[in-house]
Amino acid sequence: MVKDISVTLAGICLKNPVIPASGTFGLGYEMAEVFALDRLGAIALKGTTLEPRFGNPTPRIAECTGGLLNAVGLQNPGIDALVGDVAPKLRSLCSTPLIANISGFSVDEFGICCEKADACAAIDIVEVNVSCPNVHKGGMAFGTDPAAAAEVTRRARKATRKPLFIKLSPNVTDITAIARACEDEGADGLTLINTLLGMRIDIRRRKPVLANRTGGFSGPAVFPVAIRCVNQVAKACRIPIIGCGGVSSAEDLIEMMMAGATAVQVGSANLRDPLACPAIIDALPAVMEQLGIEKLQDIIGIV
Amino acid sequence: MEKRICTIERNSPVAPGCLRMSLTAEESLLHRCGQFVEVAVPGQYLRRPISVSLSEEGRLTLLYKVVGKGTAALAALKPGDKLDLLTGLGNGFDSSACRGKALLVGGGIGVAPLLQLCRDLRAAGREVSAILGFNTAAEILLREELEALGARVTVATMDGSAGIRGLVTDALQEAGADYDQAYVCGPMPMMRALYPLLPDASEFSLEERMGCGTGLCFGCTVQTTEGPRRICHDGPVFKKTQLPW
């Protein structure tokens, strides 16, 4: 039972489609002593902005049924530390493709960060995040309006020749309109979905659980939303999709690929079990056997 | 970090709302005292970070307080049940940093990791005194255990029902403790109140709501003199000089 679990994503061959999602895998090297990072299909790095950021005040995390809310608020060491320190260090530890995840508060900031990521040999793919719900002005504002998403994509496209993915928000009326705007401006692919905007209240204290009041909801509970978004966008666009949202098992990964994803990011599952990604990879061949799948690449978007 | 499935030997109340859970473990699951574990709790998505009170060959002892649904579900587990845990998390206390006499200060459930610390310090031949603060006499934890290890224990209670009436800071001044190195674990307001009273080499074990406990999510960040640090990954123990209080 030799199964082919490799996929080709925007011209890059991934040994498997499993990618830890940005913001759920530390700076990238925290787990290097726990399992071989080269087992991963690729690694999506922590969301990075032009300047270093502390992020939001704590508490930043709230438990929910089937997942969690986070309002980390893009804590990161800044793009110069990413390209000068974090990415080269990771490259010295593994050869798996690295995906820089770029956020910004202005179109220019996105552009400058993409230029710096483009110049960094350790980075293979640039993922532009126009969907962070936890920062004020900027973040998700660029991903909820087709014209703004198009403008960011145009600027990022000018900044890099590397495969360019735009990470989309589900907090929109029509995700296909945003997706098409990014495709029209030359994006090589799309990552979806980012978290759903949510809120919890501590009924004893009569206050929001999160210091930021609202946060991004993720985990198994959002999986059906992600499947729907990926399938809609797969029907509306021709560029490849990295599916993301609540994936916790090899079965979930296969469902996400059938919906239209070429590769799959695993997010919240890493927070519950830091060995979630290697566990999903290990489980794939047996699940493929049960389902009569020889080659994962064959099932992309079949539904 | 290591993932283990352990069997619960015992899970029983030791004070109102506080339980001691012992788990079978072939070998010691901590590298240093003051490290913690993340336990998977039935019905909850995220694991819960729990202090390790003792880590010996054959047994891991946790001490925890029921504060919400997660810890309530943990309290409902029975001997013989299996518990999925991530062990050896965080940096822990540096017991070797103490060259003379050690002072341990704990507040409420924050006293939990001081037991293993006391054991390590005593094994290294250090003199240990401890100041433990609680709301009332009924809530006192670990006094006998620390005394059995040879520590000189002073208790402070808010209502005066045992020991000195007041806070651990009152007890610190009243007891006039004689020490070279202090180790602190308890609620944040207690630690901030102690901060100006203790020497620079003192170590503080911080707490914050955690997501993953393994450094992956950046949920439990604290500002330090060296920049933002993850309490679960870079702490929970920080030296006084790292804290910009």
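In this predicted model, B:Lys3 forms a salt bridge with A:Asp273, and the closest N and O atoms of the pair are 2.8 Å apart. The rule finds three salt bridges across the interface of chain A and chain B. Polar contacts between the two chains amount to 16 residue pairs, with both residues of each pair at pLDDT 80 or more. On the side of chain A that touches chain B, the elements giving two or more residues are strand E5 (61-64), strand E6 (67-70) and helix H7 (268-272) of chain A. Of these, H7(A) provides the largest share, with five residues. By residue class, this side of chain A divides into 17 nonpolar, ten polar and six charged residues.

The extent of the interface can be described by residues and by area. In chain A, 33 residues are in contact with 25 residues of chain B. Together the two chains bury about 2,500 Å², of which 62% lies on carbon and sulfur atoms. Three residues, A:Ile61, A:Glu63 and A:Arg272, supply 26% of the area that chain A buries against chain B, more than any other three residues.

From the interface, the description passes to the fold of chain A. Chain A contains an open sheet of eight strands, with parallel pairing and the order E3-E16-E15-E10-E9-E8-E7-E4. Strand E3 (18-20) and strand E4 (43-44) of chain A stand at the edges; each has a single partner strand, so one side of each is left without a neighbour in the sheet. At the E4 edge, E4(A) pairs in the parallel sense with strand E7 (residues 98-102) of chain A over two bridges. Here A:Ile43 stands opposite A:Leu98 in E7(A). At the other edge, helix H8 (residues 276-291) of chain A lies across E3 and strand E16 (263-266) of chain A. This helix runs at about 175° to E3(A).

Chain B offers a second arrangement of strands. Six strands of chain B form a closed barrel with antiparallel pairing, running E1-E2-E5-E4-E3-E6. From one strand to the next, the twist averages 45°. Within chain B, strand E2 (residues 18-25) and strand E5 (residues 58-65) pair in the antiparallel sense over eight bridges. One of the paired positions joins B:Ala25 to its bridge partner in E5(B), B:Gly58.

Some features of the backbone remain to be considered. Most residues other than glycine have a negative phi, and most peptide bonds are trans. Against that background, the peptide bond from A:Thr58 to A:Pro59 is cis, with omega near 0°. A:Pro59 lies in the loop between E4 and E5 of chain A. This loop therefore connects an edge strand of the open sheet with a strand that gives residues to the side touching chain B. In chain B, the peptide bond from B:Gly235 to B:Pro236 is likewise cis, with omega near 10°. B:Pro236 is located in the loop between helix H6 (231-234) and strand E15 (237-239) of chain B. A:Ala10, a residue other than glycine, has a positive phi, near 45°. A:Ala10 is found in the loop between strand E1 (7-9) and strand E2 (12-14) of chain A.

Technical notes
Residues numbered from 1 in each chain as written. Chains lettered and ligands numbered in written order. Predicted model: local features only at pLDDT ≥ 70, side-chain atom pairs only at ≥ 80, totals over all residues. Heavy atoms only, no water. Pairing = 2+ DSSP bridges. Helix = DSSP H or I, 4+ residues; strand = E, 2+ residues; numbered from the N terminus. Contact = heavy atoms within 4.5 Å. Axes fitted to C-alpha atoms, helices over the stretch in contact; angles between N-to-C directions. Buried area = accessible area lost by both parts, 1.4 Å probe. Salt bridge = Lys/Arg side-chain N within 4 Å of Asp/Glu carboxyl O. Polar contact = N/O pair within 3.5 Å; in protein donor to acceptor, adjacent residues only side chain to side chain. Nonpolar A, V, L, I, M, F, W, Y, C, P; charged D, E, K, R; others polar.
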